[in-house]
Amino acid sequence: MSFTLHGIPVSGGIAIGRAHLITPVSLDVSHYLVEADRVQGEIERYRAAVQAVQEELRTLHDSLSASAPGELGTFLDLHSMILADPMLSKEPKRIIEERRCNAEWALIQQMDVLVAQFEEIEDAYLRERKHDVTQVVERILKALIGAKSPMESALAKAESQEGAMLVVAHDLSPADMLVFKEHQFAGFVTDVGGPTSHTAILARSLALPAIVALHHAREMIEEDDWLILDGHAGVLIVAPDDAVLEEYRLKRGALELEKKKLKRLKHAAATTLDGFEVELHANIELPEDAKTARDAGATGIGLFRTEFLFMNRKEIPSEDEQYEAYRKVVEVMKGYPVTIRTLDIGADKEAESVQREHTALTPALGLRAIRYCLAEPQIFLGQLRAILRASHHGKVKILLPMIAHAHEVTQALQFIALAKSQLEEEGKRYAPDVAVGGMIEIPAAALSLGLFVKKLDYLSIGTNDLIQYTLAIDRADDEVAHLYDPLHPAVLYLISQTIRGGAKAGVPVAVCGEMAGELRMTRMLLGMGLKQFSMHPAQLLSVKQRIVTSNMTELEEQVRRILRTEDPERLRDLVDALNVV
Ligand code: PEP
Ligand code: MG
């Protein structure tokens with residue numbers, strides 16, 4: 001029977017295909033009783049899994065490079081010790097024998113007991129070790145279930161199946177989305193997630209239609225169900241009839257035709273009707289994306305989210321590996337500027353290779369971005385050296401994420417100076433005039449711009465985090481997604497003040513958050529005086545079309561009126577009026 005689900009649209013387009021459901025390992029554990037004559041076999045299966053994890057941890061330890069931070073080794077030692085403790089290596093075997101349950105179930109029962117014991121401990125440090133226990137348990141579970149992670153099995157299925165496949169998951173991490181980059185799925189839907197979570201951003205950069213916050217989609221949809229995903233309306237039609245399928249095939253065809261027409265604008269300059277030149281740059285996550293950026297007509301990379309190089313791997317990429325990655329982008333961009341943002345790990349962007357022992361209570365407010373880099377000087381210095389070395393091959397700019405304090409910029413500049421002097425001593429080449437900019441994505445930074453324009457060569461507004469921190473809305477949480485409002489007067493005030501403040505100080509300002517790629521916002525940003533936009537390449541030509549049909553001088557007056565308006569409905573009407581083409 002056909003039915004329709006509604007969620008938050010995060011990436012436009014129409015996808016039609018069969019459903020593939022993804023289940024996380026810990027939810028995938030089956031619970032069953034085993035016959036008496038199979039108990040020994042089950043115990044043996046558990047023993048083999050523990051041994052496999054022991055070997056995995058040992059190999060990981062042995063493969064640590066000399067430059068890897070000492071904590072990594074300590075962390076692996078701790079996990080080996082937890083694994084060797086009889087509470088994990090022996091007790092589950094006793095549970096299997098006594099209760100005759102399968103190995104996975106026995107392990108989960110024992111984990112619950114251990115976690116409860118840790119929670120009783122008064123010492124905060126020791127109490128936190130429960131996360132290490134659960135991580136070790138996850139490893140044993142993976143070994144028990146088999147080598148394939150849910151993403152791996154999705155890929156195996158995509159390869160073996162003919163026709164388009166749509167992924168249906170409870171949640172997908174940004175790291176999972178990286179896997180999508182290599183294996184083309186037609187689209188995806190998730191039960192949770194917000195419109196500017198990094199998972200959603202990646203879907204847009206891949207031009208994959210996507211919907212989040214569908215709540216119970218994974219429970220209601222069955223494997224291989226036919227699905228129509230309308231990523232613009234946020235509608236998912238399950239098991240559609242033939243007439244509906246035909247209607248959406250026609251719609252999809254019309255959208256593809258529109259896209260083809262836009263391609264004619266690829267080489268056109270992004271100049272407004274009254275002659276203002278606008279720079280349209282691209283946001284990328286991996287070196288391979290630079291080609292997509294060029295194909296879309298981007299005249300620079302406005303944001304290289306380097307943290308994606310650190311994902312889906314156990315070890316931090318070495319300085320040389322990073323240098324090669326950055327150099328590749330610089331070479332593809334052939335003299336156009338490449339803005340390389342230093343590692344912005346944390347919040348919804350997790351990477352095993354840089355995981356810390358301490359788990360932040362509120363990750364978005366914790367040790368992420370520049371705070372993380374300053375707390376991990378070796379990683380930061382290695383990355384700065386790699387970026388500087390790449391600057392020898394073209395035009396490179398360094399971008400510091402999430403600045404809030406003047407001393408963060410001062411310290412970062414000291415690290416850059418140190419990296420330069422080290423390279424000089426070693427006879428390694430770099431461009432001496434690499435511009436250093438900062439991201440304005442914390443309200444405190446927008447409100448104390450004077451501190452930063454003195455020290456930095458340029459600014460880039462990260463509207464995703466700026467909105468998150470101004471409105472106290474977790475950008476990845478669908479339960480508060482309806483409050484995530486780019487048109488909130490406070491948000492508009494901070495953006496316009498930053499653009500004006502930069503102009504007054506003679507410091508260029510760009511916008512690189514999702515707002516820069518939203519057509520509804522293009523004219524408003526132009527009216528605020530913005531002349532540098534950076535967005536995912538898939539959106540670039542539509543934004544260019546809007547710019548070349550806009551008059552910046554006229555918009556300035558209209559936007560002044562918007563900024564004086566507080567009533568939300570009136571404000572929305574005025575913004576929509578800007579967009580009447
Ligand atoms: C932003 O916050 O707007 C931004 C561009 O950075 P990220 O989305 O990677 O946090
Ligand atoms: Mg950000």
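## Two loop residues, a magnesium site and a covered helix

Ala207 sits in the loop between H10 and strand E6 (210-212), in a model that is predicted. The phi of Ala207 is near 55°, which is a positive value in a residue other than glycine. Most residues other than glycine have a negative phi. Because its relative accessibility is 38%, Ala207 counts as partly exposed. Asp224 can be described in a similar way: its place is the loop between helix H11 (217-220) and strand E7 (226-230), its phi is near 75°, again positive in a residue other than glycine, and with 32% relative accessibility Asp224 counts as partly exposed.

Helix H10 (198-205), which precedes the loop of Ala207, is also one of the elements around ligand 1, since the elements giving two or more residues to the shell around that ligand are helix H10, strand E10 (301-305) and H20. The largest share of this shell, three residues, is given by H20. In total 17 residues surround ligand 1, and the closest are Arg305, Arg341, Gly462, Asn464 and Arg475. By character, the residues of the shell divide into eight charged, five polar and four nonpolar.

Polar atoms of the protein lie at the following distances from oxygen atoms of ligand 1.

| Residue | Polar atom of the residue | Distance to an oxygen atom of ligand 1 |
|---|---|---|
| Glu441 | side chain | 2.9 Å |
| Thr463 | backbone | 3.1 Å |
| Arg475 | side chain | 2.8 Å |

Taken on its own, ligand 1 has 280 Å² of accessible area, and the protein covers 100% of it.

Glu441 appears again at the metal: the protein donors of the magnesium ion (ligand 2) are Glu441 (OE) and Asp465 (OD), which lie 2.0 to 2.2 Å from the ion. This pair links distant parts of the chain, with Glu441 in the loop between strand E13 (435-440) and helix H18 (443-447) and Asp465 in helix H20 (residues 463-471), 24 residues apart. Glu441 and Asp465 are both buried.

How does Asp465 come to count as buried, and what lies around this residue? Asp465 counts as buried because its relative accessibility is 3%, where the cut-off for a buried residue is under 20%. When its neighbours within four places in sequence are left aside, Asp465 is in contact with Arg368, Glu441 and Arg475. With Arg475 there is a polar contact of 2.8 Å between the two side chains, and a polar side-chain atom of Arg475 also lies 2.8 Å from an oxygen atom of ligand 1. Arg475 is therefore a residue that contacts Asp465, a donor of the magnesium ion, while being among the closest residues to ligand 1.

Further along the chain, helix H22 (residues 519-527) is mostly covered, with seven of its nine residues buried. The buried residues are Met521, Thr522, Arg523, Met524, Leu525, Leu526 and Gly527. Their cover includes helix H21 (489-505), strand E15 (509-511), strand E16 (532-535), helix H23 (540-548), helix H24 (552-564) and helix H25 (568-578). After H22 comes Gly529, whose phi is positive, near 100°.

Technical notes:
Residues are numbered from 1 along each chain as its sequence is written. Chains are lettered from A and ligands numbered from 1 in the order in which they are written. This is a predicted model: local features need pLDDT of at least 70, side-chain atom pairs count only at pLDDT 80 or more; totals for chains, interfaces and linings use all residues. Side-chain values use heavy atoms; hydrogens and water are left out. Donors are N, O and S atoms within 2.8 Å of the metal (3.2 Å for Na, K and Ca); water is not among the atoms, so sites may look incomplete. Helices (H or I, at least four residues) and strands (E, at least two) are DSSP runs, numbered from the N terminus. Buried means under 20% relative accessible area, exposed over 50%, partly exposed in between (1.4 Å probe, protein chains only). A residue is near a molecule or strand if one of its heavy atoms lies within 4 Å of it. A polar contact is a pair of N or O atoms within 3.5 Å; within protein, one must be able to donate a hydrogen and the other to accept it, and residues adjacent in sequence count only if both atoms are side-chain atoms. Accessible areas come from the Shrake-Rupley method with a 1.4 Å probe; for residues, only the protein chains shown count as cover. Ala, Val, Leu, Ile, Met, Phe, Trp, Tyr, Cys and Pro count as nonpolar, Asp, Glu, Lys and Arg as charged, and the others, Gly among them, as polar. Contact means heavy atoms within 4.5 Å.
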